[in-house]
Amino acid sequence: LVLLVPELTFLTGLSDLRKNSRMLKEVMGEMIQSPQQHYQRLTSLLRRIRDAADASRELERWGLLLDTDIYRTQAHVLPAERINLRHRSFLPAEDVGWHREVAREVPIAVISINSWLLVYPKRLQHLAKDLLGAMRSSSGAMGIQVGQPMVQELRDDRIDSYVRSIQGSLGSQDKVQLLLCIIPGNRDDIYGAIKKLCCVQSPVPSQVINAQSLMGHPGKIRGVVQKVLLQINCKLGGQLWGVDIPL
């Protein structure tokens, strides 16, 4: 019997929820709240406690008294940081996100992708073709050169097939700059095997893409590919953006 103290435990994943987009959206809506929504929920809870006779008696028994409002103090709003790219700088939007700007501009330091290996099972060859096309069309705005990859098309999607193919390709090539793998669905076993191989046995920067993320309308695929290119640029030693840090 394992007893966990709720206050000392943390939710570390949604696992099966990812397959249910409606439920995932509802969960994220509950988790991501604005300051005003937080305030309304807290004051609502305080009112419920005050109006519940049992709760009031229990607090009295402990000698506790809850205020009907949360503590208020004078706050200081920090100025927004300016984000610097290679050719321009900008202030982030209200949501404090700047993925769109980084995906459309040249980062501070760019690494060209020249010698790289693309691995995928045969049944996902159409996704591999779409991925290559999207990488080439999106890389121009970022100033990233994407060369023709060495391709390994697997007969099936078994773990052994991925591992043997990657080991053989890495052993036969002089210098592989990057390994990019497309895997079917949420296959943690394949992902773990690839990362173990690329991080421990034959060290090489690697990027693993879930095939499901490449399915859908072209706009969705383009958004995924833009983020993948940014990740790859960082893994190869590039620098996406910076901020001014005064002395």
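**A walk through the fold**

Let's start with one residue: glutamine 33 is buried, with a relative accessible area of 16%. That counts as buried because the cut-off is under 20% relative accessible area. Keep in mind as you look around that this is a predicted model.

Where does glutamine 33 sit? You'll find glutamine 33 in the loop between helix α1 and helix α2, which covers residues 35-51. A polar atom of the glutamine 33 side chain lies 2.7 Å from the backbone oxygen of glycine 29. If you skip the neighbours within four places in sequence, the contacts of glutamine 33 are His38 and Arg41.

How far can you trust what you see? The protein chain has an average pLDDT of 89, and 97% of its residues score at least 70. Among the elements of the chain, helix α1 (residues 21-31) has the lowest mean pLDDT, at 80, while strand β5 (residues 178-183) has the highest, at 95.

Strand β5 is a good place to go next, since it belongs to a sheet. This is an open sheet of 4 strands, in the order β4-β3-β5-β6, and the pairing is parallel. Strands β4 (150-154) and β6 (206-210) form the edges, each pairing on one side only. On average, neighbouring strands in this sheet are turned by 15° against each other, ignoring direction. Zoom in on β5 and β6: these two run parallel and are joined by 5 bridges. Cysteine 181 stands opposite valine 208, which is in β6.

Now add the helices. Helix α5 packs on the sheet and touches β3, β4, β5 and β6, with its direction at about 150° to that of β3. Helix α8 packs on the sheet too, touching β5 and β6, and its direction makes about 165° with that of β6.

What about the inside? The largest nonpolar core has 37 residues, and the members that touch the most others are Ile113, Trp116, Leu131, Leu180 and Ile182. Elements that each supply at least two residues of this core include α4 (99-104), β3 (116-121), α5 (125-142), β5 and α8 (218-235). Take isoleucine 113 as an example: leaving aside neighbours within four places in sequence, its contacts include Ile144, Val146, Leu178, Leu229, Ile232 and Leu236. Gln145, Gly147 and Gln177 are also in contact with isoleucine 113.

There is a second, separate core as well, made of 16 residues, among them Tyr162, Leu170, Leu179 and Cys198.

Note on methods
Residues numbered from 1 in each chain as written. Heavy atoms only, no water. pLDDT = per-residue confidence, 0-100. Core = buried A, V, L, I, M, F, W, Y, C linked by side-chain atoms within 4.5 Å. Buried < 20%, exposed > 50% of the residue type's maximum accessible area, 1.4 Å probe, protein only. Contact = heavy atoms within 4.5 Å. Polar contact = N/O pair within 3.5 Å; in protein donor to acceptor, adjacent residues only side chain to side chain. Pairing = 2+ DSSP bridges. Axes fitted to C-alpha atoms, helices over the stretch in contact; angles between N-to-C directions.
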